[in-house]
Amino acid sequence: GDMKKMGVHFPRLTLAAGTTFQITAGALLMFGLFVVPAALGLTIFTIAASVMMLPFWSMEGTPRIVAFNNWLSNIGIIGGLLIAAAHPLS
């Protein structure tokens with residue numbers, strides 16, 4: 001429902017594809033396989049999802065605070081993913 005409200009086309013398909021990607025890339029990271037592409041893919045996914053689903057800049061009141069806090073959590077996740085992507089390179 002939230003994805004449809006945000007104007008995402010084919011929300012069920014998009015949700016299924018995104019969930020499948022997150023599970024697959026997360027499993028690759030967990031098992032240490034294709035770490036750099038998996039971490040970078042998840043980084044791009046997290047940035048895109050944050051921009052699309054957490055537009056705190058267009059909200060007011062409590063929803064804005066909640067969206068901003070979730071945005072900050074995603075920034076931390078992105079930082080961890082970038083560290084994971086950089087580690088195999090050193």
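This tour moves through a predicted model, from the whole chain to its helix contacts and then to a pocket.

**The whole chain**

Begin with the complete chain displayed as a cartoon. Its secondary structure comes to four helices and zero strands, and the order of elements from the N terminus is α-α-α-α. Viewed along the principal axes, the C-alpha atoms fill a box of roughly 45 × 25 × 15 Å.

**Helices α2 and α3**

Next, select residues 11-30, which form α2, together with residues 35-53, which form α3. The axes of α2 and α3 lie 9 Å apart and make an angle of about 145 degrees. The crossing of this pair is left-handed.

To see where the two helices touch, show the side chains at their contact. On the α2 side, the residues are Gly18, Phe21, Gln22, Ala25, Gly26, Leu28 and Leu29. They meet Val35, Ala38, Ala39, Gly41, Leu42 and Phe45 in α3. Coloured by class, this contact of α2 with α3 shows nine nonpolar, four polar and no charged residues.

**Helices α3 and α4**

Keep α3 selected and add α4, residues 61-86. Here the packing angle is about 165 degrees, and the axes are 8 Å apart. Angles over 145 degrees count as roughly antiparallel, and α3 and α4 are therefore roughly antiparallel to each other. The crossing of α3 and α4 is left-handed.

Now display the side chains between them. From α3, the contact takes in Val35, Val36, Ala39, Leu40, Leu42, Thr43, Thr46, Ile47, Ser50 and Val51. Facing them in α4 are Trp71, Asn74, Ile78, Leu81, Leu82, Ala84 and Ala85. The contact of α3 with α4 has 13 nonpolar, four polar and no charged residues.

Some α3 residues deserve a second look. Val35, Ala39 and Leu42 take part in the contact with α2, and Val35, Ala39 and Leu42 also appear in the contact with α4.

**The largest pocket**

Finally, hide the α4 selection and turn to the largest pocket, which holds about 220 Å³ of space. Select its lining: Met3, Thr14, Leu15, Gly18, Thr19, Gln22, Phe45, Ala48, Ala49, Met52 and Met53. Helices α2 and α3 each supply at least two residues of this lining. By class, the lining has seven nonpolar, four polar and no charged residues.

Three of these names are familiar from an earlier stop. Gly18, Gln22 and Phe45 line the pocket, and Gly18 and Gln22 in α2 and Phe45 in α3 also belong to the contact between those helices.

Notes:
Residues are numbered from 1 along each chain as its sequence is written. This is a predicted model: local features need pLDDT of at least 70, side-chain atom pairs count only at pLDDT 80 or more; totals for chains, interfaces and linings use all residues. Side-chain values use heavy atoms; hydrogens and water are left out. Axes are lines fitted to C-alpha atoms, for helices over the stretch in contact, and angles run from 0 to 180 degrees between N-to-C directions. Angles under 35 degrees count as roughly parallel, over 145 as roughly antiparallel, 65 to 115 as roughly perpendicular and the rest as oblique. A crossing is left-handed if the near helix is turned anticlockwise from the far one by less than a right angle, and right-handed if clockwise. Contact means heavy atoms within 4.5 Å. Ala, Val, Leu, Ile, Met, Phe, Trp, Tyr, Cys and Pro count as nonpolar, Asp, Glu, Lys and Arg as charged, and the others, Gly among them, as polar. On a 1 Å grid over the protein atoms alone, a cavity is a set of points where a 1.4 Å probe fits but cannot get out, and a pocket is an open set with protein on both sides within 12 Å along at least five of seven lines; lining residues have an atom within 4 Å of a point. Grid points are joined across faces, edges and corners, and a volume is the space filled by probe spheres set on the points.
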